[in-house]
Amino acid sequence: MLTEPEQDRLLRAARAAQTQAYAPYSHFAVGAAVLDEHGRVHSGCNVENAAYPEGLCAEAGAFSAMVLAGGRRVRALAVVGDGARLVTPCGGCRQKLREFAAPDTPVLVADRVQLRARFTLAQLLPDSFGPEQLAP
Ligand code: THU
């Protein structure tokens, strides 16, 4: 369960991260934030590269920050981006989230102003492959 204050913290962190995006090629700034099992928030922004495929998504940065800080479970993810359409996590980031999150983990999709949609990981990545499949 995600409390209202936790949701607010998450959205604030993702919005702050969006302002730090390095996106000189797409001009599409994205911010992400995760809430870990200790109640801490970790954020990331997209970091593009002149060698385009080397660019990193905002979510990847947030997962990396969480792991570096010792977090191992994602209780919720927030993604913030601009535009008419929802900025939902890309396929690769859905799989990255899968590593650390349960199927019912909330994924909040927002812009600079409002929360626009709420999904679960299972909705975004049904019948997924995860660490359990590798267990003997
Ligand atoms: N991007 C993210 O950071 N996260 C997403 O979930 C969708 C896409 C970034 C990658 C690239 O820097 C820019 O948005 C345009 O695709």
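This note goes through the ligand site and the salt bridges of the structure.

1. The model is a predicted one, in which local features need pLDDT of at least 70, side-chain atom pairs count only at pLDDT 80 or more, and totals for chains, interfaces and linings use all residues. Residues are numbered from 1 along each chain as its sequence is written, and side-chain values use heavy atoms, with hydrogens and water left out.

2. Around the ligand stand Ser26, Phe28, Val30, Asn46, Glu48, Cys57, Ala58, Glu59, Thr88, Pro89 and Cys90, a residue being counted as near if one of its heavy atoms lies within 4 Å. Sorted by class, this shell has 6 nonpolar, 3 polar and 2 charged residues, where Ala, Val, Leu, Ile, Met, Phe, Trp, Tyr, Cys and Pro count as nonpolar, Asp, Glu, Lys and Arg as charged, and the others, Gly among them, as polar.

3. Polar contacts (pairs of N or O atoms within 3.5 Å) link the ligand to the backbone: an oxygen atom of the ligand is 2.8 Å from a polar backbone atom of Ala58, a ligand oxygen is 3.4 Å from a polar backbone atom of Cys90, and a backbone N or O atom of Thr88 is 3.5 Å from an oxygen atom of the ligand.

4. The count of salt bridges (a side-chain nitrogen of Lys or Arg within 4 Å of a carboxyl oxygen of Asp or Glu) comes to 4. Among them are Asp36 with Arg40, whose closest N and O atoms are 2.9 Å apart, and Asp82 with Arg112, at 2.8 Å between the closest N and O atoms.

Technical notes
Polar contact = N/O pair within 3.5 Å; in protein donor to acceptor, adjacent residues only side chain to side chain.
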